[in-house]
Amino acid sequence: PISINMEAKATIETRDDGFYYLEFESAKESTLLLPLKAPEVRDWSCRSDLRASVVRQTEFTLAGATHPAFEVRYERKAREADGSEAWKEEQTLTFARGIGIVRKDTTRGRPAASAPGPTGPLTHYVWELTRFEPAKAK
């Protein structure tokens with residue numbers, strides 16, 4: 001296992017319709033990461049250049065307990081060499097109810113060398129949650 005400690009200022013905001021993600025304080029548009037009614041809601045627009053779809057129901061095992069889960073594929077609008085735009089897979093997140101994101105897979109995303117993301121090339125990786133502690137009320 002690889003341990004990565006990253007410090008980032010990101011905000012997750014809960015609204016009436018879902019969970020929104022603001023990656024940077026300077027971001028102009030927040031991202032609808034997950035509607036509250038997912039996985040029953042199968043497709044949604046995250047923001048103008050990003051969309052998502054529930055692609056399959058699955059399970060996730062954590063500390064010997066199995067939890068129902070579902071995978072969501074995120075696609076970003078990308079400009080092609082000829083100037084046209086096309087949707088390209090960027091990442092797949094797996095969500096487990098009551099836990100949150102339990103797996104992230106960017107290996108089928110855009111090629112890192114040719115398509116930089118907002119902060120540089122997309123790095124291809126997979127991570128899985130190995131330990132979980134519920135948040136404590138303040």
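**Exercise 1. What percentage of the 138 residues in the protein do buried residues make up?**

Solution. The structure is a predicted model, and the percentage is taken over its 138 residues, of which buried residues make up 33%. As for the surface, the protein exposes about 9700 Å², with carbon and sulfur atoms supplying 51% of that area.

**Exercise 2. Describe the secondary structure and the sequence range of the contacts.**

Solution. Begin with the count of elements, which gives eleven strands and zero helices; read from the N terminus, the order is therefore β-β-β-β-β-β-β-β-β-β-β, with strands defined as DSSP runs. Then turn to contacts between residues at least 6 apart in sequence, among which 26% join residues at least 24 apart.

**Exercise 3. Which residues of the largest nonpolar core touch the most other members, and which elements give two or more residues to this core?**

Solution. The largest nonpolar core holds 15 residues, and those that touch the most other members are Leu-34, Trp-44, Phe-70, Val-72, Tyr-74 and Phe-95. Two or more residues of this core come from each of strand 3 (31-35), strand 4 (43-47), strand 5 (50-62), strand 6 (65-79) and strand 7 (85-96). Apart from this core lies another, of seven residues, including Leu-62, Ala-69, Ile-99 and Leu-129. In soluble globular proteins, nonpolar side chains tend to be buried together.

Next, take Val-72 as a single member: once its neighbours within four places in sequence are left aside, its contacts include Leu-34, Trp-44 and Phe-95, and among the others are Ala-52, Val-54 and Leu-93.

**Exercise 4. Is Arg-76 buried or exposed, and which side chain does a polar contact join to that of Arg-76?**

Solution. Locate Arg-76 in strand 6. Its relative accessible area is 12%, and because buried means under 20%, Arg-76 is buried. The side chain of Arg-76 is joined to that of Asp-49 by a polar contact of 3.1 Å.

**Exercise 5. Classify Arg-131 and Ile-12 as buried or exposed, and place each along the chain.**

Solution. Arg-131 is found in the segment after strand 11 (126-128), and since its relative accessibility of 65% is over the 50% cut-off, Arg-131 counts as exposed. Its C-alpha atom is separated by 7.4 Å from that of Ala-63, although the two residues are 68 residues apart along the chain.

Ile-12 lies in strand 1 (residues 11-15), and by the cut-off of over 50%, its relative accessible area of 52% makes Ile-12 exposed as well. Together with Phe-19 and Leu-36, Ile-12 forms a nonpolar patch on the surface, with about 250 Å² of accessible area for the three together.

How values were computed:
Residues numbered from 1 in each chain as written. Predicted model: local features only at pLDDT ≥ 70, side-chain atom pairs only at ≥ 80, totals over all residues. Heavy atoms only, no water. Patch = residues over 30% accessible without salt bridge, like charges linked within 9 Å, V, L, I, M, F, W, Y side chains within 5 Å. Areas by Shrake-Rupley, 256 points an atom, 1.4 Å probe, with all protein chains shown as cover. Salt bridge = Lys/Arg side-chain N within 4 Å of Asp/Glu carboxyl O. Helix = DSSP H or I, 4+ residues; strand = E, 2+ residues; numbered from the N terminus. Buried < 20%, exposed > 50% of the residue type's maximum accessible area, 1.4 Å probe, protein only. Contact = heavy atoms within 4.5 Å. Core = buried A, V, L, I, M, F, W, Y, C linked by side-chain atoms within 4.5 Å. Polar contact = N/O pair within 3.5 Å; in protein donor to acceptor, adjacent residues only side chain to side chain.
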